[in-house]
Amino acid sequence: MKIVKLRGRFRPRPIFRIFVLSFFTLAFNIWGSFCFDGVDEASKPVMEEARRRIERIRKGTFSITFVDESGAPVTASARIRLVRHQFQFGANLSPVLRLPSDHPARRVALEVIDELFSLVRVGHFWSIEEPKRGGPLNWAPTDEEVEWALAHHKQMRYHCVIYNMYYALPKWYKQIKSEEAWWPLIEKRIRDVASKYGRIIYEYDIINEMIMNLKWADKHNPLFPTLADPKNAAKILNIADKYLPQAKLVMLETHLCTLKNPHYRKVYKYYRQVIEEGAPVDVVGFQGHFYGGGRMPISRGHPQAGEGAFTMKVISDCLDNLAALGKPIHITEYNPPSRMKKHQGPQPRLMDKEIAAWTVNYYTLIFSKPYIHQLTRWFVVDGCGGNAIDGGLVTVEGKKKPNYYALKKLLKSTWNTKWQGRLEGGRVKLRAFFGEYEASVSGYRPVKFNLYSHMPRRVVVHLTKR
């Protein structure tokens, strides 16, 4: 049998190339149709209403008059732009600043925080800020964060004052011989934080993960007043109110936000009991970490939290239930659906495209809830500051992810207000997102002014000649 050797490169016929291209196009479209973004059929009307509600509750129509030093209306060309929303979009600054100065993600992450967010989380555990009992307090790590925040004109929230996990308490806790001996130390801790930062930081996570880590906390710290007891939580919050009377006091818990989740039901019951104790709770905090569970696909749900745990309808129903407590809600430690660093074995995950789409829908849902005033993401860099391998806007190599670009478009384009034109008689009528604005008027110095939800809709802005 004669063997024929083919010489040269194989060149598929045009019809074959068309077939291959069509196959991959079809495969891509089929994959795209199954791309999980958290919006199933039940979630579609929820998201349609969310977008309508944003237009109603996050924007207002203002009549703005620009006047000169004498009070006369100014006729000139002008540009007006939103600087930051009244709603607080935040990010976790602490772990980013802890990265080495030459880490490839550090500079990029700080630029992203400065670009997208008006609020940053600062603060460290008691174990870091008081490493030696009776010794000097170590404020250096938190001071670095505060200084960065002030230099970049960011609002701040402090996390956290009291946390009963063994790694969050000072190592000298083993010297404490009774529960009664802890109370003056708890008060000193609160007083120290308030004395240091009470005049510049106005929101504090006073107690954190009171029942989520109860088993481990009680095992390692059996003499520490159990935070799972609502009476102890109320006592700590009352102490904090004494030293931080002007600040927002937050009690904070975590888990997947679904009504089927037995842990969520424990959290709700606990929150209600603390409030019924008369505790001065200003804000109910919920962490908003979304981790997959077992081998159940994220698009299907979570073994503990139930079917549809990552869909907007299920999350929305649970948030509305939490709002029944009658307190404002802040989402303090958000990450999108992610794998966990500490998990052994296969884990469910989403692709970067899906995470970006899911993030946009989650932010939209949260922004649409009138009882939620803050959303702070915990991970700016993947896995930096916790377990979320897929949770960041930036990779550990310093590359911006699709998640970043989707969020930037949402915050800087979709939810933005800009106006440019000529002021006639100093006036402009503007349908605008509530927030802080900057105006540049020809012949005058740039000026900042606020258009907040609680303000009158007629606003006068005073200009100064250049």
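**Figure 1. Residues 1–10 have pLDDT under 50 throughout.** In this predicted model, residues 1–10 make zero contacts beyond four places in sequence. Here pLDDT is the predictor's confidence in each residue, from 0 to 100, and a contact means heavy atoms within 4.5 Å. A second stretch, residues 16–33, also has pLDDT below 50. Beyond near neighbours in sequence, residues 16–33 have five contacts in the model. Where pLDDT is low, the predicted coordinates should not be read in detail. For the chain, the mean pLDDT is 92, and 93% of residues reach 70 or more.

Notes for every view: residues are numbered from 1 along each chain as its sequence is written, and side-chain values use heavy atoms, with hydrogens and water left out. As the model is predicted, local features need pLDDT of at least 70 and side-chain atom pairs count only at pLDDT 80 or more, while totals for chains, interfaces and linings use all residues. Helices (H or I, at least four residues) and strands (E, at least two) are DSSP runs, numbered from the N terminus.

**Figure 2. Four strands form an open sheet in the order β15-β2-β17-β18.** Pairing in this sheet is antiparallel; two strands pair if DSSP finds at least two bridges between them. β15 (418–423) and β18 (447–451) are the edge strands, each pairing on one side only. From one strand to the next, the twist averages 25°. Angles run from 0 to 180 degrees between N-to-C directions, and axes are lines fitted to C-alpha atoms, for helices over the stretch in contact. Six bridges join β2 (residues 76–85) to β15 in the antiparallel sense. A76 has L423 of β15 as its bridge partner.

**Figure 3. An open sheet of three strands runs in the order β16-β1-β19.** Its pairing is mixed. The edges are β16 (427–433) and β19 (458–462), and each pairs on one side only. Twist averages 35° from one strand to the next. β1 (residues 59–67) pairs with β16 in the antiparallel sense, over seven bridges. I64 stands opposite V428 in β16. Helix α2 packs on this sheet and touches β1 and β16. The direction of α2 makes about 30° with that of β1.

**Figure 4. Helices α2 and α12 cross at roughly 50°.** Two packed helices are described by the angle between their axes and the distance between the axes. For α2 (residues 44–57) and α12 (residues 352–367), the axes come within 8 Å. The two helices are therefore oblique to each other. (Angles under 35 degrees count as roughly parallel, over 145 as roughly antiparallel, 65 to 115 as roughly perpendicular and the rest as oblique.) The crossing of α2 and α12 is left-handed. A crossing is left-handed if the near helix is turned anticlockwise from the far one by less than a right angle, and right-handed if clockwise. On the α2 side, V46, M47, A50, R51, I54 and I57 make the contact. On the α12 side, N361, T364, L365 and F367 do so. By class, the contact of α2 with α12 holds seven nonpolar, two polar and one charged residue. Ala, Val, Leu, Ile, Met, Phe, Trp, Tyr, Cys and Pro count as nonpolar, Asp, Glu, Lys and Arg as charged, and the others, Gly among them, as polar.

**Figure 5. Helix α11 meets α12 at a crossing of roughly 30°.** The axes of α11 (residues 312–323) and α12 come within 11 Å. That angle makes α11 roughly parallel to α12. This crossing is right-handed. M312, I315, S316 and L319 of α11 meet W358, N361, Y362, L365 and I366 of α12. The contact of α11 with α12 has seven nonpolar residues, two polar and no charged ones.

**Figure 6. Helices α7 and α9 cross at roughly 35°.** Their axes come within 9 Å, with α7 spanning residues 179–197 and α9 residues 230–243. The crossing of α7 and α9 is right-handed. From α7, the contact uses E179, W183, I186, E187, I190, R191 and A194. From α9, it uses N232, K235, I236, I239, A240, K242 and Y243. Eight of the contact residues of α7 with α9 are nonpolar, one is polar and five are charged.

**Figure 7. The backbone around H153 and C160.** Most residues other than glycine have a negative phi, and most peptide bonds are trans. H153 is not a glycine, yet has a positive phi of about 60°. H153 lies in the loop between α6 (140–151) and β5. The peptide bond from H159 to C160 is cis, with omega near -15°. C160 sits in the loop between β5 (155–158) and β6 (162–163).
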